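Opening the notebook on this one. I want to look up two things today: the ligand site and the nonpolar packing.

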Amino acid sequence: MSGEPTPITIARGDGIGPEIMDATLEVLQASGANLAFEEIQIGESVYKRGILNGMEPSAWDSLRRTKVFLKAPITTPQGGGYKSLNVTIRGALGLFANIRPCVSYHPFVNTKHPQMDVVIVRENEEDLYAGIEYRQTQDVTQAVKLISRPGSEKIIRYAFEYARANHRHKVTAFVKDNIMKISDGLFHRVFDEIAAEYPEIEHETMIVDIGAARLADTPEQFDVIVTLNLYGDIISDIAAQITGSVGLAGSSNIGDQCAMFEAIHGSAPTIAGKGIANPSGLILASVMMLVHIGQAEAAERIHNAWLKMIEDGIHTVDIFKRGVSKARVGTRDFAQNLIDRLGDRPTTLTPASYEVGAKASFAGIELKSRKDTTKRLVGCDIFVDHTGGDGDAMAQRVLPLVKDGLKLMVISNRGQKVWPEGAPETFCTDHWRLRVMGEADATVTQNAIAELIVRMADAGFDIVQTARLYTFDGVPGFSLSQGQ
Ligand code: NAD
């Protein structure tokens, strides 16, 4: 290939990492890909030098320069305040999308789902992974689930652009907006808005529980799935597992400026150094990398040679099956067999096809869907720590303090209404929510709320949290209590 080589940062990692990285680099070099590698140190040895996130500070310079990272798995030491290298890299480099193709290679690799070919597109930065958690009382802890319009729009646009670039026909969103009407509801709404811009791609939304059940049972009904961080974390492991071949899958983490590519498996320390590890996960991750940097021709050559090899029954020990496999090879021989097949195409499995010149990174996705609305302050939820009593007793204490056009609307405990007219059976913890709003739906002032909080503090209430209630173009931006 002519022109300047594309600089790529690589890390050999731990355990089987160096073996599978060597095999992958040999394949890349033989494929005609035009790449220049810069190596950085990550993983166990770096952790053991006391660097808690497992990466030398100087390694960031290489990543910021090349913006493309091909990473072998690492061993994460247990305990000792060590931080996950992946979480650190994702956060620092803004890698908002995690892409995991989960494909069955029937009849060459054992699986209960021979027709499976699903790509999971997982939001990578928000949701419960924002890491905002509190313990507020003796009994009650809280994790904040953050879902933003830009975060949702970015990942959903990415999923549709990915579907378009990869000739996929359907995108399914997994949400739980029957329960989380505001946060998951936003994701669902943005999904519907953006789907309308891609009329050639079918779209559907499923509640995540039934969606996950169907994914495990009939994965062939799915094509691309886009979902929030936590659901994506769970279903992408289910999806990879049921292809029957976790060791074969690669994944990418994509940001506006940088991207990271890796196998989905770990460092497999028990087989490290034996030369038997399957390098397929990292090789297929490197195929995703080549597509990302616009070297689709080399990506296609490697991927098709790899499919041919799976068909030819040249298998590593983890997928070797008597009667199906023809030869059991080690890591190096696997790479050499693959190199020998560069230029070949599979005859039974569907050949890979990447548009030459097409860039599938979609870097700098333009956000278009934000609409300004009129925001009005209409009330406040005040959370207090209090042990014992019931909703009526709590109301009697707080009612005399609520004035200046404010009205106590409802008291709830763990989201369940306990005043007015609470059910006597409701179990109450020490975490109470008092909802105050303007009389007759009037606009409320910050000062009126602040003064109420001061009066409550003076009266001895232990206020652990407050949350203002707004409407947006008249639509409440807050949920009602169960039973309200
Ligand atoms: P693992 O994926 O390393 O191993 C699970 C099983 O699969 C083992 O039996 C292993 O021998 C086998 N296996 C994995 N990859 C294989 C391959 N390429 N060829 C053949 N067999 C393979 O998971 P684990 O044992 O839970 O974790 C081991 C270490 O890897 C831990 O320190 C963990 O923190 C780390 N890890 C790192 C990453 C990463 O760097 N992205 C991801 C997952 C786990």
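My entries below start at the ligand and then move on to the cores.

**Entry 1: ligand surroundings.** I'm working from a predicted model here. I looked up who sits around the ligand and got 17 residues, with Ile74, Gly266, Ser267, Ala268 and Asn278 coming nearest. Sorted by class, that shell holds 7 nonpolar, 7 polar and 3 charged residues.

**Entry 2: polar contacts.** Which ligand atoms pair up with polar protein atoms? I noted a nitrogen atom of the ligand 2.8 Å from a polar backbone atom of Asn278. Ser267 also uses its backbone, with an N or O atom 3.0 Å from a ligand oxygen. For His265 it's a polar side-chain atom, 3.2 Å from a nitrogen atom of the ligand. I then checked cover: on its own the ligand has 810 Å² of accessible area, and the protein covers 62% of that.

**Entry 3: the largest core.** I pulled up the largest nonpolar core, which has 97 residues. Val226, Leu290 and Leu338 are the ones touching the most other members. Where does this core lie relative to the domains? Both domain 1 (1-95 + 257-349) and domain 2 (112-243) give residues to it, so I put it down as lying between them.

**Entry 4: Leu338.** I skipped its neighbours within four places in sequence and listed the rest: Leu338 is in contact with Val27, Ile283, Ile302, Ala305, Trp306 and Met309.

**Entry 5: another core.** Apart from the largest core I found another one, of 24 residues. Leu406, Trp419, Ile449 and Phe461 are among its members.

Notes. Residues numbered from 1 in each chain as written. Predicted model: local features only at pLDDT ≥ 70, side-chain atom pairs only at ≥ 80, totals over all residues. Heavy atoms only, no water. Near = heavy atom within 4 Å. Polar contact = N/O pair within 3.5 Å; in protein donor to acceptor, adjacent residues only side chain to side chain. Areas by Shrake-Rupley, 256 points an atom, 1.4 Å probe, with all protein chains shown as cover. Nonpolar A, V, L, I, M, F, W, Y, C, P; charged D, E, K, R; others polar. Core = buried A, V, L, I, M, F, W, Y, C linked by side-chain atoms within 4.5 Å. Buried < 20%, exposed > 50% of the residue type's maximum accessible area, 1.4 Å probe, protein only. Domains from an automatic or database assignment. Contact = heavy atoms within 4.5 Å.
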